[in-house]
Amino acid sequence: AGRESINTEIMTLTRFLNEEQTKHREATGDFTLLCHALQFAFKSIAYYIRRASLINLSGLAGSSNTTGDEQKKLDVIGNDVFTAAMRSSGRVKVMVSEEDEEVVVFGNKPNARYAVACDPIDGSSNLDAGVSVGTIFGIFRLPDDAEGTKEDFLRPATDLVAAGFTMYGASTQLVLTMKDGPVNGFTMDNGLGEFILTHPDMHMPKKRAIYSCNEGNSKYWEAPVKEWCEEMKNAEKPYSSRYIGSMVADAYRTLLYGGIFAYPADKKSPKGKLRILYECGPMAMVFENAGGQAVDSKMRRMMTVVPEHIHDRSGIFLGSYEEVQKVIDKHKQHG
Ligand code: AHM
Ligand code: MG
């Protein structure tokens, strides 16, 4: 019988984080500890999503089971797991979650120097159908005298020290990038219970491949967006289209295969749908660091857009450098 070849030198996320820390002599280890807490949150959320239909977590929050126990919707569980992990890390001063109207302040622990923005389970309308969902996160380093308020988040994504997302799909994927750094992709090995570095230094294709947008909204789109989309369909070799309706899944595919993901602002949603702080900004950082581009519906670089409120929305075009450039050029033509 053939012996299984076993790689005993794998790069786990834990090892990766340790090696990153030793590269920075001034590092205190606080960021590494925060990442360990993130890692635990991802593992837990992945676990609960996999078990969801077995242990009856799907469906709406507030409904009760036969014994009258309160049932929590997965959205709520995801948020609770994430919040608990951030709190217990002792390194996070303040957090914004899509699930909470206000910022969550963890109090004045001496080593809490970070602010974390997250969408714990993005794409949750897909959950009950078993379609991939994920967690999106962005991390800011706070000044030493920061109080931990919502103002700490009203900054552009260029201020993020790290960002990324997970996708709970056929396997659990984690995409992580640091400021001006490479983009690294990890895959969860369920047997080991570890994220393994499977996609080091990701670079996305410069052009073509798949376009991804909700064309059901095209009636409401502005003229340049309509034209841009028509041109992809009428190209000599028309583009392929895929739309899952889970940003993490649509973005992950776009990152690997190339193309563009768009959720433009339109006549129905003049501000767009997706959130600047914990959807657009972190994704823009990942795509730029992988060689792509990201702009909002006014064709501003997404990473420079500053939200006025923590839950502000924006239109977004995100993808291969040249594919996003086509959208920008189309808008310029229209003046
Ligand atoms: P959510 O945060 O409420 O899950 O909404 C965000 C999701 C994204 O994952 C996805 O890109 C988009 O909404 C899909 O929207 P639509 O159903 O309008 O196409
Ligand atoms: Mg979301």
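Here is a walk through the structure above, from its overall build down to a few individual residues. Please keep in mind that this is a predicted model.

Let's begin with the whole chain. It has seven helices and 14 strands. For 335 residues, a compact globule would have a radius of gyration near 20 Å, and because the chain comes out at 20 Å, the two agree. Along the principal axes, the C-alpha atoms fill a box of roughly 65 × 55 × 50 Å. Of the 335 residues, 44% count as buried. Contacts also reach across the sequence: taking those between residues at least 6 apart, 63% join residues at least 24 apart.

A good landmark to find next is the sheet. Eight strands make up this open sheet, in the order β2-β1-β3-β4-β5-β6-β7-β8, with mixed pairing. The edges belong to β2 (104-105) and β8 (194-199); each has a single partner strand, so one side of each is left without a neighbour in the sheet. Helix α3 (residues 74-89) packs on the sheet, where it touches β1 (92-97), β2 and β3 (114-122), and its direction makes about 160° with that of β3. Helix α5 (residues 247-257) packs on the sheet as well, touching β3, β4, β5 (160-168) and β6, with its direction at about 100° to that of β5.

Now zoom in on β6 and the strands beside it. Strands of a sheet pair through backbone hydrogen bonds, either parallel or antiparallel. Which sense do we find for β5 and β6? These two strands pair in the antiparallel sense, over seven bridges, and a hairpin of three residues joins β5 to β6. On the other pairing, strand β6 (residues 172-178) and strand β7 (residues 183-189) run antiparallel and are joined by five bridges. They too form a hairpin, this one with four residues between the strands, and D180 in the turn has a positive phi of about 55°. T177 is a handy residue for seeing both pairings: A163 stands opposite T177 in β6, while in β7 the bridge partner of T177 is V183. Strand β6 is mostly covered, with six of its seven residues buried.

Moving along the sheet to strand β4 (residues 134-141), you will find G138. Why does G138 count as buried? The reason is that G138 has 30 C-beta neighbours inside 10 Å, and 20 or more are enough for a residue to be called buried. Leaving out residues up to four places away in sequence, G138 touches A117, A157, L160, A163, L277, Y278, G281 and P282. One of these, L160, is 22 residues from G138 in sequence, yet their C-alpha atoms are 6.4 Å apart in space.

The largest nonpolar core holds 89 residues, and those touching the most other members are V116, F137, M283, A284, A294 and L318. Helix α2 (residues 30-51) supplies the largest share of this core, 10 residues. To get a feel for the surroundings of one core member, select A294: beyond residues up to four places away in sequence, its contacts include M283, A284, F287, M302, I316, L318 and V324.

Helix α4 (residues 223-233) shows how a helix can have two sides. P224, V225, W228 and C229 are its buried residues. Seen down the axis of α4, these buried residues fall within an arc of 130°, so they line one face of the helix. An α-helix has 3.6 residues a turn, so residues three or four places apart point the same way. What covers the buried residues of α4 includes α7 (321-334). On the other side of α4, A223, E230 and K233 are exposed.

Our last stop is K207, in the loop between β8 and β9 (210-212). K207 counts as partly exposed because it has 16 C-beta neighbours inside 10 Å. Which residues does K207 touch, not counting those up to four places away in sequence? They are G258, S320, E322 and E323. K207 and Y321 are 114 residues apart in sequence, but 6.5 Å apart in space, C-alpha to C-alpha.

Notes
Residues numbered from 1 in each chain as written. Chains lettered and ligands numbered in written order. Predicted model: local features only at pLDDT ≥ 70, side-chain atom pairs only at ≥ 80, totals over all residues. Rg over C-alpha atoms; globule rule 2.2 N^0.38 Å. Buried ≥ 20, exposed ≤ 12 C-beta atoms within 10 Å, placed from the backbone. Contact = placed C-beta atoms within 7 Å. Arc of directions from axis to C-beta. Pairing = 2+ DSSP bridges. Axes fitted to C-alpha atoms, helices over the stretch in contact; angles between N-to-C directions. Core = buried A, V, L, I, M, F, W, Y, C linked by C-beta atoms within 7 Å.
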